[in-house]
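Please open the model in a viewer with both the cartoon and the ligands displayed. The tour below proceeds selection by selection and states at each stop what is to be found there.

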Amino acid sequence: MKVLITGGAGFIGCHVVKLMVKKYPHYQIFNLDKLTYAGNLENLTEIENASNYTFIKGDIIDKAFIRELFQQEKFDGVMHLAAESHVDRSISGPDAFIETNIIGTSNLLGAALEIWKDNMSGKQFHHVSTDEVFGSLGAEGYFSETTAYDPRSPYSSSKASSDMIVRAYHHTYGLPIVITNCSNNYGSHQFPEKLIPLMINNIKHNKPLPVYGKGENIRDWLWVEDHARALDVVFHTGKNGETYCIGGNNEWKNIDLVHALCSIMDRKLNRAEGESAKLITYVKDRAGHDMRYAIDATKIKNELGWEPTQPFEKLLEGTVDWYLANESWMNNITSGQYQAYYESQYEKR
Ligand code: NAD
Ligand code: DAU
């Protein structure tokens, strides 16, 4: 099988590429990535020389290039992760989100249809999406596959649009598709614009810990390697045309999670208990900040047998250990452009 993974140099993508390359030595795995600020080939060094792996630098917005690539390689399956993924960036600059997340997805669908239209058998287009398409929950309830879409940020509305276009290709042209909507991921190799690696890095350097609003927003955290496992399962055994919600069954208020990180870091850095928490600084809230996300992952558990690994505290500590042990990875990322981004996001808060 020839499988194209898009966005494989990013956070989740690199875990998916590594899993697929190692688990399926008889497949040919292609990783297509533009290498934006979020894409980093250093994430893939352990498989970069594998004989069943090929990296292609390219932009999914470039329709002619995508069409030619599909014509040339005749992929059997696509796992589509490439996206602009950070909500704060979508607020300060929505255009790139519309282009990559909507137009880029549409280009991939068109190119896949072109090469598969005469024989759809054994083909799979797996669109990797987010729980943010469902909007924001109050104190009660969960998102599931039947929840109505209600996206509120430029990021989530661009992902919701792409989900709709994927479904349209299924219903109109019969394209074999599956969609997954996952909750917040954490783990190694996450760009430090996202909550957990940003806090770990700031705690380490004794910098203020910027908690938005009152820190009461809730997210459902899933270990990235569990997400990669779920994507493998859905890609191979998901029912044609179906959606699967993926979550960690692991809700945390932001402020409680930041305190948990502070406490782990106090131990790791031999600081007195409570020392790192003194860095917590409440800053201006994110515009349109969704209050709570939580996933009911019963369908994927009952139908496909996937469940998250536990316990969270141990996996979170392992995540902290990874960032502490991979100082050069973090230093390479946080030099240059990241610094300018950080200043522009946080100086005004
Ligand atoms: P990321 O920002 O870490 O990585 C995105 C990757 O896509 C990068 O390697 C980047 O270079 C590449 N890319 C961006 N624009 C591109 C373009 N035009 N052409 C080709 N490549 C391009 O993102 P992530 O956190 O790994 O998320 C991956 C996917 O999973 C996204 O679709 C996201 O919406 C979804 N998702 C993420 C989370 C999460 O918690 N991070 C949760 C649920 C779903
Ligand atoms: O739910 C899935 C989504 O999770 C994915 O689709 C997105 O790609 C991913 O970025 C993530 O979105 P969030 O906005 O939930 O993640 P983020 O890490 O940016 O923020 C998590 C929470 O922490 C959110 O309530 C905002 C808050 N926050 C974030 C940052 C970066 C802070 O309080 N301070 C911060 O500095």
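Select Leu81 together with ligand 1: in this predicted model, a polar backbone atom of Leu81 is 2.9 Å from an oxygen atom of the ligand. Next, add the side chain of Asp33, where an N or O atom lies 2.5 Å from an oxygen atom of ligand 1. Thr100 is the third selection; one of its polar side-chain atoms is 3.0 Å from a nitrogen atom of the ligand. Taken alone, ligand 1 exposes 840 Å², of which the protein buries 97%.

Now extend the selection to the whole shell of ligand 1. There are 28 residues around this ligand, and those that come nearest are Ile12, Asp33, Ser85, Tyr155 and Lys159. By class, the shell consists of 12 nonpolar, 12 polar and 4 charged residues. Colour helix H1 (11-23), strand S5 (124-130) and helix H5 (154-173), each of which supplies at least two shell residues. The largest share, 3 residues, comes from S5.

Move to ligand 2 and show the backbone of Ser85, where an N or O atom lies 2.7 Å from an oxygen atom of ligand 2. Leu195 also takes part through its backbone: a polar atom there is 2.8 Å from an oxygen atom of ligand 2. In the case of Asn254 the side chain is the part to display, with an N or O atom 2.9 Å from an oxygen atom of the ligand. Ligand 2 taken alone exposes 700 Å², and the protein buries 95% of that area.

Which residues come nearest to ligand 2? Of the 24 around it, they are Asp131, Tyr155, Arg286, His289 and Tyr346. The shell contains 10 nonpolar, 8 polar and 6 charged residues. H6 and strand S8 (209-212) each supply at least two of its residues, and S8 gives the largest share, 3 residues.

From that shell, centre the view on His289, in the loop between strand S13 (280-283) and helix H9 (298-304). Is His289 buried or exposed? Its relative accessible area is 15%, so His289 counts as buried. Its side chain is joined to that of Asp285 by a polar contact of 2.6 Å. Leaving aside residues up to four places away in sequence, His289 touches Tyr212, Asn217, Arg219 and Asn254.

The remaining stops concern salt bridges, of which the structure holds 19. Side chains of opposite charge can pair when their charged atoms come close. Select Arg89 and Glu193, whose closest N and O atoms are 2.6 Å apart in a salt bridge. This pair links distant parts of the chain, 104 residues apart: Arg89 belongs to helix H3 (residues 87-92), and Glu193 to the loop between strand S7 (185-186) and helix H6 (195-204). Both Arg89 and Glu193 are buried. Add Lys194, which forms a salt bridge with Glu193 at 3.5 Å between the closest N and O atoms; Lys194 is likewise buried.

Finally, select Lys268 and Asp321, a salt bridge with closest N and O atoms 2.9 Å apart. Lys268 in helix H8 (residues 254-268) and Asp321 in helix H10 (residues 312-325) are 53 residues apart, and the pair links distant parts of the chain. Lys268 counts as partly exposed because its relative accessibility is 28%; Asp321, at 33%, is also partly exposed. Display Arg267 and Glu317 as well: through salt bridges that share partners, Arg267, Lys268, Glu317 and Asp321 form one network.

Definitions and conventions:
Residues numbered from 1 in each chain as written. Chains lettered and ligands numbered in written order. Predicted model: local features only at pLDDT ≥ 70, side-chain atom pairs only at ≥ 80, totals over all residues. Heavy atoms only, no water. Near = heavy atom within 4 Å. Polar contact = N/O pair within 3.5 Å; in protein donor to acceptor, adjacent residues only side chain to side chain. Areas by Shrake-Rupley, 256 points an atom, 1.4 Å probe, with all protein chains shown as cover. Helix = DSSP H or I, 4+ residues; strand = E, 2+ residues; numbered from the N terminus. Nonpolar A, V, L, I, M, F, W, Y, C, P; charged D, E, K, R; others polar. Salt bridge = Lys/Arg side-chain N within 4 Å of Asp/Glu carboxyl O. Buried < 20%, exposed > 50% of the residue type's maximum accessible area, 1.4 Å probe, protein only. Contact = heavy atoms within 4.5 Å.
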